[in-house]
Each structure stands twice: as C-alpha cells, then as structure tokens.
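Dear colleague,

I am handing over the structure we spoke about, and I would be grateful if you could look through it with the notes below beside you. Please read them at your own pace and compare each one with what you see on the screen.

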Amino acid sequence: MEANRQILEAELEREIFTHSQTLFTQTAKSRQEQWIENLVKTTLLILTLLIIFPLILIVGFLFYKSLPILSFEFLFSNPIRGMRAGGVWAPFLGTIYLVVVSLLVATPIGVLAAVYLNEYARNNWATRITNLAVVNLAGVPSIVHALFGLGAFVLFARMGRSILAASLTLAIMTLPVIIASTKEALGAVPMAFREACWNVGASRWQTIRQIVLPNSTSGILTGIILQVSRAAGETAPIMFTGAIFFKALDEGNIFAYNIFDQCMALSMHLFTISTQVPDVPEALPYGTAVVLLGAVLLINAVAILFRVYFRSRKKW
Amino acid sequence: MYNITEKIEISGLQVRYGEKQALKGITFSVYEKEIVGIIGPAQSGKTTLLKTLNRTIDFVTNACVSGIVKIDGIDVSKIKNANQLRRKVGMVFPLPVGLPLSIYDNVAFAPRAAGIRRQDQLDELVEKCLKQAALWDEVKDRLGSLGTKLSGGQQQRLTIARALSHQPEILCLDEFSIAIDPVTTMRIEDVLRELRSEMTILLVTNLVQQAHRLADRTAFLCNGDLVEIDDNEIIFSDSPAQKMTYDYVNGNFG
C-alpha cells in the first residue's frame, strides 16, 4: 500500500517535471514571434534616428559655414556696405518685435476662444462650423494670409506697412493653431473634475479658473511655443505688410523700433542677402540663419522650462 | 418616527435621453431628516433621479426633463441660479474624485466658491467636514498635500467631506461604496447615521442590505418606474406590496 503510493507520487512528480520542461521550450512559432519583435523594434529605432540625423546635419553645417563671422559684434551691429558686411542687429530686433507683438495679440484671443469653444459652447451646428473654420484656417497658405493682411490691416485699417500690421497678420496666421492646441489641452483635463466642481455649486468660470486652466497650462504653452517658431520663420506674411529691405538702427537699443514703423526681419534679411544682393560674403547668410535658429531655440527653451515647471505641478 | 415636513416632492418626473426614456413618470416625497434608500437594477434611472435634484442633468446635452421636482416647496426648474441649488444638495458619486488641489483646498473649494473668504471660518469648516467624513485623524498633519494622492477609500471620504463643505440640507450618495473597502464602507455608514439628525439623505445603492441597514424608507426603481416606496419594515419583510420588490430584495429577480 505504502510502496504503491510512493510509486504513484514519483510518477506524478516526473509527469509534472516533463510538463514544465515542455512549457517553455522554444518552438518554431515562438522563435518567429521573437524575431519579428526584434525586427520591428530595430526598424523603429533606425527610423527615429533618421529624424535626428538631418537636424544635426543642418545645425552642424550652418555653424561650420558661419564660424568665421559669428560673434557678439555680429549680433549687435547693423548691416553695412549695402548688406555686404556688418551684423544682423536691425533684422534680429525686428523679428523679436514681430514675434512678441503677434503673440501678445494671438495668445489671449486664441486661449480665450478655445476656452469658450471647449467649456461653454453647446454642441450645435454653429459650434461645429466654428471648429471647422478653425481647422481650415490653420491650413491656409501663409501667402494668402499675407494678402489678407495687406488688404485688411495695411490698406483698409490704414495702418500702412508697419510692425503692427505685420504682427497682426502673423497673429491671424498663428491663431487657429493656438486655438486648436489649447482646445486639446483643455480637453485633456478629466471631465470628472469639472463635474465634481459643478456638483458643489461652483460656477463654470470658477471651475475653469481654479481647476481647468491651471492643469492645462503645459499643454497650452506647447501650442504657443510651436507658433513662436512659425511666426519667426515666415517670410511671406511680413513681406507685404511691414518688413523692409534696409533700416539703420540704434545699435544695442532694444527700444529702437516704433510699432508704427517698418522693420527688418531675419527671415526677410536672409532672403534678400542670399538672392537680391550680389557679392555677399558666404558666411553672412549662414550667420543670419544661425541667429534666426538661435533666437527660435532660445524662445523655445524658455517656454520649455515653463512647461517643465508647470508639468511638475500637475496633480493627478 | 420621522418629521412630516416634505423636503423633496417629486411628481410625474420624466426624463428622456434622446429616444431613450430613463424615468417614466415618478411621484414620491422625501421628508425632512430621513434616509431614503433607492434600490433597483442597472438602467433603472437611479442616478438620473439624483441628477434632476441638483439640476446637473442640465449638463447632459440630450436630456429632456418634464414633471416637477420641488425642494422646500420651490420648483427647482424655476431657480435662476442653479449654483445656489447645488449648494443646498450635496452629491457623492460612485468613483471618488479628488480635485487636483491640496486636501485643505479640496474641502475649502466650495465654501470659497460660495464667497467665504475669512481664514478662521474656512479652517473651522474644513476641520468640521473632515471630521464628519471620518478622515480628519488620517490627514490632519498633511492638509497641504495633494488630494489626488490619497488612497481610493480616503479620496471617497474626501469627496464626502467636500459634499458636506457647502453645508447642504440634502445629501445624495450614489453607490458611494463601489470603489472602497468594507471597513471604510462601515465607517462611512456610521457617519451617515450621525448625519441623519442634521440633513435629509438619499442613498442610491446596489447593495440591498446597505439600504436595509441605513434607510428609514426604501424606494425600488425598475426600468424607470417607481415600483414601490415604503418603510423598510415593509419593503424588507416577507410581504411588500409588489411581488417584484420581494424578488429583487431576496435576490431572485429576473
């Protein structure tokens, strides 16, 4: 009896052992699965690296070509001798004016419009048409915005060609994207938070101010950051509305422009010295491009710092 | 046994969501300072009923409400500022929601929204509500830390504290125990027994025994109809007026 039981137990143990052996052995199918997994991972990695590659190449090339000319003096002095020498002070400051003024206009309007569309508007045909208009406006080519700016601001509103008119044109161009990205950021705040607030008798505005906006700041900033780069880089919208071929400026005085004046801009300057002016030393356009890139990256870096700060305060 | 003043009068209440009828004409009253349990299978309109009380149903875009809900004799649909109504009715929903604010601010949110600014008043109110929700002892040393970082059970008690913070006269709880452990559930049930002396409580629950334990009267809803409302002794006896009620309470429904 006892012996019998021992035999049975031993048999059972052996069976379990062999079963566990077969459980994790490699079959053709599992090997294939693993192989595909590795293949996909490697492919995706290579494709990702391919994205970084051109960026490094562009930045490296620009720096290499502009190395002989880059200095603080280049940044802080005006172009001289018919743009064939000197620095980029006037266009640099002009670009900053254009970007800052356009953001000052576009950010409050865009964010508040998005708040209305996302928080207040009922889902009816008027809202849907507005949303459609926002999306389509974002797809309008910048040259068309330029013509609109020329007609509406320069001529109709009698602003003339000025920083103001150019900034407003840039603002119109950046608005739809700011609205769209802000809406997305607001939509990412869970509905449950809003309902909890409404249930204790908080008004919609109290809810938005205390819960929704503080918790979507990082997303809203992301949208605005992207528009900074776009506003700084666009040439077409400012060409008709406020950018000028040449203007001598107080060197080092950051209040040198009046917003009713015309201004130089980096993107436009880059275009003129590389296509319109003969015998420009090669390093000059590359130096201008580096300053443009640097200005955009600088503004982005500041905004990214803000974003990191606000994201670290995200509370759920 | 309970006060005879009618706190809530509901008559002929119908709610439709588009094509779907959620409540099909419900009439009953809730008296001052009693606990009314509301039981019924899924899709019977329990949550919809609560939403009509504080008019958060307004936020549901395709909802269509008809019939009359009166609180203290006032038709709620005639109230201009719904926020005042919502302060009178405390709501606790199934899933705990800690607002992304500190524990203190979570509770002080509603009083601040209502316009209370004085620090000493707020301090007092926050302490009182957290004590009422049986959470004070666990959080009194870290009122500044985030409400969202609390455990599920603690967050639900925080939600209850918040619902009490605007000093409501009616407290509605919608399956408050669904996301929390039995021990916490028992503690909150004790809290509700204490609160009964101060306010009228509506308790929607899937746990029939919870209604049995806590409520003075229980209403049985099914498919948007009010099948029966009566004293607990009758609902949970062997012979409620409707056989359906008996079947549901004893778990051999459908």
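Which residue takes a positive phi in the hairpin of S4(B) and S5(B)? Before I come to that, please keep in mind that this is a predicted model. The residue is Asp72(B), whose phi lies near 55° in a hairpin that has 2 residues between its strands.

To place this residue, Asp72(B) sits in the loop that links strand S4 (63–71) to strand S5 (74–75) of chain B, and its phi of about 55° is positive although the residue is not a glycine. As background, most residues other than glycine have a negative phi. Asp72(B) has 14 other C-beta atoms within 10 Å, and because a residue counts as partly exposed when this number falls between 12 and 20, Asp72(B) is partly exposed.

The strands on either side of that loop run antiparallel and are joined by 2 bridges, with Ile71(B) having Ile74(B) in S5(B) as its bridge partner. S4(B) also pairs with strand S1 (residues 6–17) of chain B, here too in the antiparallel sense, over 8 bridges, and in this pairing Glu9(B) has Lys70(B) of S4(B) as its bridge partner.

Chain B holds another residue to look at, Gln43(B), which is not a glycine and has a positive phi near 65°. Gln43(B) is found in the loop between strand S3 (35–39) and helix H1 (46–53) of chain B, where it is partly exposed, with 14 other C-beta atoms within 10 Å.

Turning to chain A, the domain assignment divides the chain into domain 1 (2–66) and domain 2 (72–312), and the C-alpha centres of these two domains lie 47 Å apart. Their contact takes 4 residues from domain 1 of chain A and 7 residues from domain 2 of chain A, and the side belonging to domain 1 consists of 2 nonpolar, 1 polar and 1 charged residues.

Two helices of chain A, H4 (residues 89–120) and H7 (residues 163–187), pack at an angle of about 35° with their axes 6 Å apart, and their crossing is right-handed. The residues of the contact between H4(A) and H7(A) comprise 20 nonpolar, 8 polar and 2 charged.

H4(A) appears again around helix H12 (residues 266–275) of chain A, since H4 is among the elements that cover the buried residues of H12(A), which also include helix H10 (217–233), helix H11 (236–239) and helix H13 (283–312) of chain A. H12(A) is largely enclosed by the rest of the structure, because 7 of its 10 residues are buried. Those buried residues are Leu266(A), Ser267(A), Met268(A), His269(A), Leu270(A), Thr272(A) and Ile273(A).

Finally, there is the contact between the two chains, to which chain B gives 21 residues and chain A gives 16 residues. On the side of chain B that touches chain A, the elements giving two or more residues are helix H2 (82–88), helix H3 (103–113) and helix H6 (152–165) of chain B. By class, this side of chain B has 11 nonpolar, 7 polar and 3 charged residues.

With best wishes

How values were computed. Residues are numbered from 1 along each chain as its sequence is written. Chains are lettered from A and ligands numbered from 1 in the order in which they are written. This is a predicted model: local features need pLDDT of at least 70, side-chain atom pairs count only at pLDDT 80 or more; totals for chains, interfaces and linings use all residues. Axes are lines fitted to C-alpha atoms, for helices over the stretch in contact, and angles run from 0 to 180 degrees between N-to-C directions. Helices (H or I, at least four residues) and strands (E, at least two) are DSSP runs, numbered from the N terminus. A crossing is left-handed if the near helix is turned anticlockwise from the far one by less than a right angle, and right-handed if clockwise. Ala, Val, Leu, Ile, Met, Phe, Trp, Tyr, Cys and Pro count as nonpolar, Asp, Glu, Lys and Arg as charged, and the others, Gly among them, as polar. Domain bounds come from an automatic or database domain assignment. Two strands pair if DSSP finds at least two bridges between them.
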